[in-house]
Amino acid sequence: MLNRRNWVVSIIALLLVSSLAACVAAPVAVPDREIMIDAATAYEAQNKAMGLMSGDVQWSEAEFSSLLSGLLQANAGANSPVNDIKVWFEPGNQVVIRVGLKDGVIPTGNTLDLAGSVSVENNHVVVDLQQVGAGNVSISGAALAPITAQINAALADPSLGVAVNVSTDTGMITVGLGGM
């Protein structure tokens, strides 16, 4: 009987260790380019977004980040735990996102960092997260599948239009829609 109990404890320990294997103590690497977020830049980015109806639009990191942060503040209200969102673009459709949180939202710090890539699948923009971090703890691998699935479900909303292409370069993103 003692032998069977050891096997059960060993299997439980193995499951626990394997589920925690995706957690590492290395933070997500965030580019050192400064992104200024302000209402005037968000307004410029919103005006550029009107160009999506006729084809492509190109945003800088400051424009895209200001637009996201402005939309979040306008739609989430004062009770939102998020202060701002900063997005860095790298070549090869790579993106890094830093979500600035209000004090006390999570015990590991005031930021959530995400790193991954963007692409178009089935005429919708999709993300493929490679790493998510909070403070000095990050998650990678299979543990990100549910997070990625939730983001992609939101991006598949038909009201967002039909994506034709998305491409990034250092500091810029270009998005093209085929129809609204």
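**Exercise 1. State which residues the ring pairs link into a cluster, and classify each pair.**

Solution.
- Ring pairs link Trp-59, Phe-64 and Phe-89 into a cluster. The model is predicted.
- Searching the whole structure gives two aromatic pairs.
- Take Trp-59 and Phe-64. Their ring centres lie 5.6 Å apart, with the planes at 55°. Planes under 30 degrees apart count as stacked and those over 60 as edge-to-face. The Trp-59 and Phe-64 pair is therefore tilted.
- Now take Phe-64 and Phe-89. The distance is 5.4 Å centre to centre, and the planes stand at 70°. This pair is edge-to-face.
- Locate the second pair. Phe-64 sits in helix α3 (residues 61-76) and Phe-89 in strand β3 (residues 82-90). They are 25 residues apart, and the pair links distant parts of the chain.

**Exercise 2. Decide whether the rings' residues are buried or exposed.**

Solution.
- The cut-off for buried is under 20% relative accessible area.
- Phe-64 has 18% relative accessibility, so Phe-64 counts as buried.
- Phe-89 has a relative accessible area of 1%, so Phe-89 is buried.
- Trp-59 is buried as well.

**Exercise 3. Describe the protein chain around the cluster.**

Solution.
- Count the elements: four helices and nine strands.
- Put them in sequence order: α-β-α-β-α-β-β-β-β-β-α-β-β.
- Check burial: 32% of the 180 residues count as buried.
- Check the surface: the accessible area is about 10,700 Å², and carbon and sulfur atoms hold 62% of that.
- Check contacts: among those with a separation of 6 or more, 49% come from residues 24 or more positions apart.

Technical notes
Residues numbered from 1 in each chain as written. Predicted model: local features only at pLDDT ≥ 70, side-chain atom pairs only at ≥ 80, totals over all residues. Heavy atoms only, no water. Helix = DSSP H or I, 4+ residues; strand = E, 2+ residues; numbered from the N terminus. Buried < 20%, exposed > 50% of the residue type's maximum accessible area, 1.4 Å probe, protein only. Contact = heavy atoms within 4.5 Å. Areas by Shrake-Rupley, 256 points an atom, 1.4 Å probe, with all protein chains shown as cover. Phe/Tyr/Trp six-rings, centres within 6.5 Å; stacked < 30°, edge-to-face > 60°.
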